[in-house]
Structure formats: structure tokens, C-alpha cells
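Welcome! Here is a friendly briefing on a protein chain and the ligand it holds. Take a look at the view below before reading on.

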Amino acid sequence: MKDNNCIFCKIAAGEIPSKTVYEDEMFRVILDLGAASEGHALILPKEHYANLMELDEKTAAAVLPLAGKISKAMMKGLNCDGLNLVQNNGEEAGQTVMHFHLHMIPRYKGGAEVIEWKPGNPKAEEMEATAEKIKAAL
Ligand code: 5GP
Ligand code: ZN
């Protein structure tokens, strides 16, 4: 299903132009207009899924193999030194376009820090309680 009000549906369908690096029947992979590094790309499913929780299993099963294929092309073609995969779900997590997308961010030696967080130090009993909350919801 497509969402008529969704910009990534329109980009994935080719109705809005984008710098496309790969396309097949399920996905379009485009360069991010606000690239955090050279080659920053977005994997977009052609169907509309708002986020990871809504993604169907077939698309979910195909997305990581595609990310692997694009990763190898980035390492070879851009000569990057590594790359990060980032996938934001929900406004609080930084998602600004509510159509599932996987960021692929090439990293270069000496390049800017683009993914960072301050490590916490949870107590063992807190970790136990947290793990139980997730397990109980599975
Ligand atoms: P989010 O914050 O939702 O995880 O990521 C959305 C990303 O989409 C941002 O990195 C932003 O730069 C990119 N973006 C937003 N609109 C467009 C667009 O029209 N074309 C392209 N190529 N990228 C876009
Ligand atoms: Zn969409």
C-alpha cells in the first residue's frame, strides 16, 4: 500500500526525483539530501510501512541482505573505512519521515563523529528488571 501524503512513497515510486543508487521491485536506495557523510544513503521499501514495527516479514527479510550488498559497494566504490546502519522509529528516536527507512552511513578515517552516545552504568538488578519487562511482552 502507498500513502498519498508520504514523500518517501513518492520518491520510492519515482514520482519525485532522487539520486538513486539501486532499485528493484521492492526497494529504492537513494542518497540522503542531508548526507552526514559522503555516500549517506537510505533504503526505502516501495510499500508504505511507517516504521519497523509495521514492516511486513517479507520486506524485513529482504532489507538486511540488500544492506549487505550496498555496504560492499560502498566499501569498494567509496573507499570508506566502515559504515553505520541507523534506523529511527518514532519522533522521540529522531524519526522525521514516517516511512520506514534504513540509513547507511559510510565512515571515513578522521571523519566527523556521526553516531555517538554516552554509555550508562545500569545496576545488575535494574538490568534484570528491564530484561523481564521485555521478555514478558514477547
Ligand atoms: P529520519 O530522521 O526520519 O530517520 O531520516 C530522514 C532522512 O531523510 C534525513 O536524513 C533527511 O535528510 C532525509 N530526507 C528528507 N527528505 C528527503 C528528500 O526529499 N530526499 C532525500 N533524498 N532525502 C530526504
Ligand atoms: Zn510512505
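How do the residues of the lining of the largest pocket divide into nonpolar, polar and charged? They divide into 10 nonpolar, 8 polar and 2 charged. Here Ala, Val, Leu, Ile, Met, Phe, Trp, Tyr, Cys and Pro count as nonpolar, Asp, Glu, Lys and Arg as charged, and the others, Gly among them, as polar.

This is a predicted model, in which local features need pLDDT of at least 70, side-chain atom pairs count only at pLDDT 80 or more, and totals for chains, interfaces and linings use all residues. Residues are numbered from 1 along each chain as its sequence is written, chains are lettered from A and ligands numbered from 1 in the order in which they are written, and side-chain values use heavy atoms, with hydrogens and water left out.

**The chain**
- The chain has 3 helices and 5 strands (DSSP runs numbered from the N terminus: H or I with at least four residues for helices, E with at least two for strands).
- Starting at the N terminus, the order of the elements is α-β-β-β-α-β-β-α.
- The C-alpha trace spans about 50 × 40 × 25 Å along its principal axes.

**The largest pocket**
- A pocket is an open set of points on a 1 Å grid over the protein atoms alone, where a 1.4 Å probe fits, with protein on both sides within 12 Å along at least five of seven lines; lining residues have an atom within 4 Å of a point.
- The largest pocket has a volume of about 310 Å³ (the space filled by probe spheres set on the points, which are joined across faces, edges and corners).
- Among its 20 lining residues, F8, I30, D32, L33 and L42 are the closest to its centre.
- Both α1 and β2 give two or more residues to this lining, and α1 gives the most, with 3 residues.

**Ligand 1**
- Ligand 1 takes up the space of the largest pocket (more than half of its atoms lie within 2 Å of the grid points).
- Of the 16 residues around ligand 1 (those with a heavy atom within 4 Å), D32, G94, T96, H101 and H103 come nearest.
- The shell around ligand 1 has 8 nonpolar, 7 polar and 1 charged residues.
- α1 (7-12) and β2 (27-31) each supply at least two residues of that shell.

**Polar contacts of ligand 1**
- In a polar contact (a pair of N or O atoms within 3.5 Å), a nitrogen atom of ligand 1 lies 2.9 Å from a backbone N or O atom of L31.
- A polar backbone atom of L33 is 3.3 Å from a nitrogen atom of ligand 1.
- The side chain of H101 has an N or O atom 2.8 Å from an oxygen atom of ligand 1.
- Taken alone, ligand 1 exposes 520 Å² (by the Shrake-Rupley method with a 1.4 Å probe), and the protein buries 80% of that.

Terms used:
A polar contact is a pair of N or O atoms within 3.5 Å; within protein, one must be able to donate a hydrogen and the other to accept it, and residues adjacent in sequence count only if both atoms are side-chain atoms.
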